[in-house]
Amino acid sequence: MNGSSGSIFDPVSPHTQAISDLFVITLWICAAIFAVVAGIVGYSLVHYRWNEGAADPVQIAGSKRLEIIWTAIPCVIVLVLFGLTVHAMEQSDPEPPVGEPDLEVIGHQWWWEVRSPKLGFVAANEIYIPVGRPMSIRLDTADVLHEFWVPQLTRKMTTVPGRGNHVWMQADQPGIYQGVCSEFCGTQHAWMRFEVIAVSEEEFDAWVEQQRQTAAVPTGDAARGAQLFRDLTCINCHAIQGVASHPTAGPDLTHVASRRFLGSGIVPNTPENLRRWMTDPQEVKPGALMPNFKLNDEQLAHLLAYLATLR
Ligand code: CUA
């Protein structure tokens, strides 16, 4: 599947199409105003230029007709822009549905929790959606203000502590769309990225089915890793479905091995990068809330063996 341009000028949903259209129309209106004003200035410069010996032009002070014309024209332009803007707002931000949203996305410093009580899964930093279907998303935050934005698919929407917000998301073509946090929220604001992966209904159902699976019971080194995961208190921050409690301080790791990136987009999810992350999270993502557990080689090997089973 191809990555996308990530550009607001390449909209792939009715919501972003409306925003893009408004921008383009406004640009053309402004270009026309510029052409008229620059044209009149240019004409005046040439036509009324100073000539040696010429008489002064007729001096006029006050013209009711001119005053009315150059007040009325801007009023009409502003009214047209107002009408177009209201239309774009309606198109890009329809009323949220009654009842449960399809997805809940919760901003954390610095990653995104993705859950669907409706469909019964929890994920992080990757949002799968079926192509062509509008998905309603309730937005929340675990700490500070963040802003959810997928330039090609959604309008921007702030996540406000104590006050749920709503946004619609739809992709009319399959693809991988870049999402960002677009409101400064601390050290790693720039690495609070996520991906929206738009797939067919069948692929979406299969993905949901896979995410709903609880973790398999590990054996061998992986079983020792699972024991360490509890003993070293990893489990206090990271949930693993089917194992114990469900903390949300860190990303749910039930399917961590199936994710494309680590640290909210900062590095690809490869065994080598996971080793780096576990050895010293601050080296990979300074400021991340995950502490350095100073693992010895054996502990590291067992934990990595365990995490690799979490597909
Ligand atoms: Cu979250 Cu910026």
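Buried, in this tour, means under 20% relative accessible area. With that cut-off in mind, begin at strand β4 of this predicted model, whose residues can be selected as 126-130. In β4, 5 of the 5 residues are buried, so the strand is largely enclosed by the rest of the structure.

**Stop 1: inside β4**

Show the side chains of the strand and look along its length: E126, Y128 and P130 point one way from β4, while I127 and I129 point the other way, and all are buried. In a regular strand the side chains alternate between the two faces of the sheet.

Next, add β10, which covers residues 194-199. The strands β4 and β10 pair in the parallel sense over 5 bridges, and a convenient place to inspect this pairing is P130, which stands opposite V199 in β10.

**Stop 2: the sheet that contains β4**

Widen the selection to the open sheet of 5 strands, in which the order is β4-β10-β9-β6-β7 and the pairing is mixed. Its edge strands are β4 and β7, the latter at residues 157-159, and each of them pairs on one side only. From one strand to the next, the twist averages 25°.

Within this sheet, select β6 (residues 146-149) together with β9 (residues 175-181), which pair in the antiparallel sense over 2 bridges. Here F148 stands opposite C181 in β9. Is C181 buried or exposed? The relative accessible area of C181 is 6%, so this cysteine is buried.

**Stop 3: helix α3**

Select residues 201-212, which form helix α3. The helix lies across β4 and β10, and its direction runs at about 140° to β4. Keep α3 displayed, since the helix returns at the next stop.

**Stop 4: the other five-stranded sheet**

Now bring up the open sheet of 5 strands with the order β3-β2-β1-β5-β8, which also shows mixed pairing. Its edge strands are β3 (121-124) and β8 (165-169), each pairing on one side only. Neighbouring strands of this sheet are turned by 25° against each other on average, direction ignored. Helix α3 packs on this sheet as well, touching β3 and β5 (135-141), and the direction of the helix makes about 95° with that of β3.

Zoom in on β1 (residues 103-108) and β2 (residues 111-116), which pair in the antiparallel sense over 5 bridges; E104 stands opposite R115 in β2. In the loop between β1 and β2, select W110. What kind of peptide bond joins Q109 and W110? The bond is cis, with omega at about -5°.

**Stop 5: two residues with positive phi**

Move to the loop between β3 and β4, where N125 lies. Phi of N125 is near 65°, which is a positive value in a residue other than glycine. With a relative accessibility of 14%, N125 falls under the 20% cut-off and therefore counts as buried.

The second residue to select is T233, placed in the loop between α4 and β11 (261-262). Phi of T233 is near 70°, again a positive value in a residue other than glycine. How does its surrounding solvent access read? T233 is partly exposed, with a relative accessible area of 37%.

**Stop 6: cysteines**

Select the cysteines of the model and compare their sulfur positions. How many disulfides does a search of the whole structure find? The search finds 0. C234 is in no disulfide, and the nearest cysteine sulfur, that of C237, is 8.8 Å away. That distance exceeds the cut-off, because a disulfide requires two cysteine sulfur atoms within 2.5 Å. At 14% relative accessibility, C234 counts as buried.

**Stop 7: the two domains and the confidence**

Zoom out and colour the chain by domain: domain 1 comprises 1-49 + 59-211, and domain 2 comprises 220-308. Their centres, taken over C-alpha atoms, are separated by 34 Å. The contact between them takes 22 residues from domain 1 and 20 residues from domain 2.

To finish, colour by pLDDT. The mean for the chain is 92, and 98% of its residues reach 70 or more. Among the elements of the chain, helix α4 (residues 220-231) has the lowest mean pLDDT, at 89, while β6 has the highest, at 97.

Definitions and conventions. Residues numbered from 1 in each chain as written. Predicted model: local features only at pLDDT ≥ 70, side-chain atom pairs only at ≥ 80, totals over all residues. Heavy atoms only, no water. Pairing = 2+ DSSP bridges. Helix = DSSP H or I, 4+ residues; strand = E, 2+ residues; numbered from the N terminus. Axes fitted to C-alpha atoms, helices over the stretch in contact; angles between N-to-C directions. Contact = heavy atoms within 4.5 Å. pLDDT = per-residue confidence, 0-100. Buried < 20%, exposed > 50% of the residue type's maximum accessible area, 1.4 Å probe, protein only. Domains from an automatic or database assignment.
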